[in-house]
Amino acid sequence: MKLKNIFPAILFSICAVTLTAQQTWQSLGPIMFPTNVSGQIHGIGRTTQMKWDPINAQTVYATTGEGGLWKSTNNCVNWTKTGTDNLPFMGTASVCIDHTNNQVIYLGTGDPNYYSTSLGVYKSTDGGQTWNASNTNIGTRMAVELLMDPTNNNVIVAATNNGIWRTTNAGANWTQEVASGQFTDMKLKPGSTTTLYAVNMVGGYYRSTDFGDNWTQITTGLSIPNNNAQGTRLAVSAAAPNTLYLGTIADEGKIFKSTDGGTTFSVVYNNPAQSLVGYDANGGGQGNYNFGMCADPTNANIIYVVAHVVWKSTNGGTSWTQLTNWWAVVHTDMHFIGFNPTNNSELFNANDGGVWLTTNGGSTWSIRSDGLEATECYRAATSNTYKNLMSIGTQDNGELYFYNGTWYCNRGGDWTSKMHYDYTSTYGKVYYVGDNGERRDVTLNGNSTVTNVPNVSDPEFAFSKLQNTLGYASNTSGTAYNIYRSTNLSGTPSWTSVGTMTGNASQLKFAPDNQNVIYIVTENNLIYRSDNALATTPAFNNYATPGNTNTITKIAPCKDNSNVVYLSCGNRVYRSADRGATWTNVSGTLPTININGLVFDEYSTDESVYLSTAYGVYYKNNTMSDWINFSNGLPTVAQITDLMIFNDGTANSVLRVSYYGRGVWQRSFYNSQNQAPSADFTASVTQICPGSTIQFTDLSVGNPTQWSWTFQGGTPAASTLQNPTVTYNTPGTYNVTLVSTNGNGNDTEIKSTYITVFASQSLPLIEGFQTTFPPSNWTLVNALNDGLQWTQSTTVGGYSASSSSAYIDNFNVNGTNSQDKIVTPVFNFSNITTANLQFDVAYARYDNTYFDSLIVFVSTDCGATFTSIYANGGQTLATAPDNASTAFVPTATQWRTENLNLNAYIGQQSVMFQFANVGRWGQMLYLDNININTILTSVVENHDNNNAQLYQNTNGDVQILATDNITQLQVYNAMGQIVYTQSNSNGSGMVLAQSIFNADAVYYFHITTTAGLVIKKLPVLMR
């Protein structure tokens, strides 16, 4: 799932004229980890290495493929950027923190996924805020690892893509110690200050006993296959310093072991029939870049290997157990696996999706990637009609969309397709995908494919704002280059061929003032223009372009002067005053870098036009003699991939750029200082526990200078800061208001019921879906708003013991791998000693092609992050035979009870669960009797003592007398297990036979009356 980055490594060039703007660009993210509505684990950014600050245990650094160096000061709970945003374009591969002064940091630049070099080694002396080259002699070589001498902080060894290098003067200059070799890993022997181990791509292994000054290649016992190791990694453990593991990609994961400090080796695992480096045990893996290993620092026999999934050995590498599925739990393409050096229970995994953590040896994992703004965007498009909607296609993290302040993921993998929004929807939900001509309703049904463009092959699209049902498409069919038109985009589009071209189209654009005028630029240096685009047979004039268009070209017609059109060809930009017949070069002092975006402000009266290159954004109008740099605040470490515009003629209008490595950024227009602002904001999280703090981020455009916030239920209740933090202590649902002001006026944004503060409920949980649905304080998540969601059945119950359950209809609705969830309230696990989750499930596959899955997630932070604790699908989930004929209705024997141990969460005050259906157009899935059973460590408080009385009569039966009519009774033992249930009782009195109680014990009675719930306890003695 890798596509090589082919952007040229050209340093950022700045025009002679610079812009002194009041407002800078702002990050639109993804900032917080995206919300997943797909059936595949998702991510935020490609992360390559992690290192802990040797002085401050809570501080961690992470390198990213193309997004710079990131820092966490709270052990990866969230991340903030360092000063690498201001460096020239580069990847980051490794980091080293001085153990005597943690303000001194060394950074190995380059992209380790592709072994591509960048700028060599850089050094910071102020904690990563500013950087300078530290690469004399070592040049641009990429250091995949940097290790500092534990006894001398001036000595650092770099394992690079071309040999091993060493500095003895804190990076002032470097000396090559191993002459060649594409090195992949280097480790310091635990407990030693002098012994280093290093390996290269082909399986070469080297050992140094003087901290890298001299190296010896050792081959004893290393039987590397003839096709070489294909990538090699090392693992060491402080529990056994002389034990060294060496792993290769070759033979689906071949593991060697040394017990004499890396002097000799023997093979401990070589079984190509069980792959350690593939998508599963059957293999099918990729290259050396997604590979890592480590050993437990307290037990050298415990080893982890990661590539696409996590594997674990507990017997020194002899046998292995697969811990994750590549699509379900931890993001695939794993680059780093390692323990927190100050907490041996914390094991971290860095991969193409970000950072994950396990605290129980890999049984469960949680996401630790909030704030890691390193998303690599291949493509991007913003809605033409709704500002708060846009889509991006990313490397490794699929198709993401931004909607009303939140980023969502609706499919995984690489997403390189071009994107085009039309004008048919008020909220701009419809867009078109270039590669195969798909049409998607992004927030409703992301799998819709109804464009019907004939002979699909990488079409370009153009849509008319003046007639929103009008669209043009270009396409290639063999050697023919066709032009198609549709006039019914609001329904199921039909397309008619209205002409041909002599070359493939690279861009189509309607004139903003006339839907009859359309421009088509082809890759063979021609522009086609029609002035009667709506005619039955439109006529097209063609003109030669002023430059080559076979690399990249963009066109932007003007609105206030219909004769004017701008065109970029490669790295030059031209202006035509006669609708494309002749051209004038207006490039001025623009850098000679290819122009990848060109847009017009159609509401301007001065020909305001913006363009982008990989390294910046530029602006010009017809009062200027040259372009000005419009990049104030943009990162330079990554490359811009798309320039977008949302323009409604107000201060609400924005420019946006996408980055390969730094997500999406936005700002207002050049002339926005003359308008009132448009208020907008987002929150770091919208569902929290009492006492939690939320970071609010201002997204207002139009150069606001003052901000007035109101936080219902928050502390503080108001703020004038631009980006305040607020604490919420009381459960409830609250509004947030922002008034943004500048010298031209103000604007108000109110987000109702925006913040939810959960209240923890007491255990046990007994839920049979007998009454209101969803039950009180439960919530439903309909991922695609497509009609597929959990619903109450009033005819089917678990084991046919009742007539109610929860079900979801995959039989009639294709969920397209989305996760539709039913979510429990928050529970308090602080007063229990054991806990067990029990639920009944019934399911039949449709067949071996169409089947669904069930995933259970747990959160200990009120839903901010969730960890999977159960995942079954297809035949593994099924309780009945395949059923392809009718919707599945289970019999009494077609149910199964699942039990999940929850002891890992004892002591947590805010625990909640999600039951997620991953719909793949399979069959009906049923859930019932979701129970959390516990042993209580404190006495259950009596509630409303006066409204019900309990006593045991002389026969041993339990008598209940209530003030109000009893509607339901549930009896629990001390373990929290239900022993008796009775619903819809008549009257205010009940008698329970002694036979219900099987031992002398204390029992807890939950008595629901017409006035509310009464909880009582009673010691029952068997008589």
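**Exercise 1. Determine which residues are linked to R46 in a network of salt bridges, and examine the pair R46 and D111.**

Solution. The network of salt bridges links R46, E66, D111 and E376. These residues belong to a predicted model.

Step 1. Consider one pair of this network. The side chains of R46 and D111 form a salt bridge with an N to O distance of 2.9 Å. A salt bridge requires a side-chain nitrogen of Lys or Arg within 4 Å of a carboxyl oxygen of Asp or Glu.

Step 2. Locate the partners. R46 belongs to the loop between β2 (35–36) and β3 (47–52), and D111 to the loop between β8 (105–109) and β9 (121–124), so this pair ties together parts that are 65 residues apart in sequence.

Step 3. Assess the burial. Both R46 and D111 are buried.

Step 4. Place the pair in context. The count for the protein comes to 19 salt bridges.

**Exercise 2. Determine which residues form salt bridges with D531, and state whether each participant is buried or partly exposed.**

Solution. Step 1. The side chain of D531 meets that of R529 in a salt bridge of 3.0 Å, N to O.

Step 2. R529 has a relative accessible area of 5% and is buried. D531, at 32% relative accessibility, is partly exposed.

Step 3. The side chain of D531 also meets that of R579, at 3.3 Å, N to O. The loop between β44 (526–530) and β45 (541–544) holds D531, and the loop between β48 (572–576) and β49 (584–585) holds R579; the pair therefore ties together parts that are 48 residues apart in sequence.

Step 4. R579 is partly exposed, its relative accessible area being 26%.

**Exercise 3. Determine how far T636 and L87 are apart in sequence and in space.**

Solution. Step 1. T636 is situated in the loop between β53 (628–629) and β54 (639–646).

Step 2. In sequence, T636 and L87 are 549 residues apart, while their C-alpha atoms are 5.9 Å apart in space.

Step 3. Buried means under 20% relative accessible area. T636 counts as buried because its relative accessibility is 14%.

**Exercise 4. Identify the backbone features at P30, P716, N75 and C76.**

Solution. Step 1. Recall the general expectation: most peptide bonds are trans, and most residues other than glycine have a negative phi.

Step 2. Examine the prolines. The bond from G29 to P30 is cis, with omega near 10°, and P30 lies in the loop between β1 (26–29) and β2. The bond from T715 to P716 is cis, with omega near 5°; P716 is in the loop between β61 (714–715) and β62 (718–719).

Step 3. Examine phi. N75, which is not a glycine, has a positive phi of about 60°, and phi of C76 is near 80°.

Step 4. Locate these residues. N75 lies in the loop between β5 (69–72) and β6 (80–81), and C76 lies in the loop between β5 and β6. N75 is buried at 7% relative accessible area, and C76 is buried at 0%.

**Exercise 5. Establish whether the radius of gyration of the protein agrees with that of a compact globule.**

Solution. Step 1. For 1023 residues, a compact globule would have a radius of gyration near 31 Å; the protein has 32 Å, which agrees.

Step 2. The C-alpha trace spans about 105 × 75 × 60 Å along its principal axes.

Step 3. Buried residues account for 59% of the 1023 residues, and the secondary structure comprises two helices and 85 strands.

Key. Residues are numbered from 1 along each chain as its sequence is written. This is a predicted model: local features need pLDDT of at least 70, side-chain atom pairs count only at pLDDT 80 or more; totals for chains, interfaces and linings use all residues. Side-chain values use heavy atoms; hydrogens and water are left out. Helices (H or I, at least four residues) and strands (E, at least two) are DSSP runs, numbered from the N terminus. The radius of gyration is taken over C-alpha atoms; the globule rule is 2.2 Å times the number of residues to the power 0.38. Buried means under 20% relative accessible area, exposed over 50%, partly exposed in between (1.4 Å probe, protein chains only).
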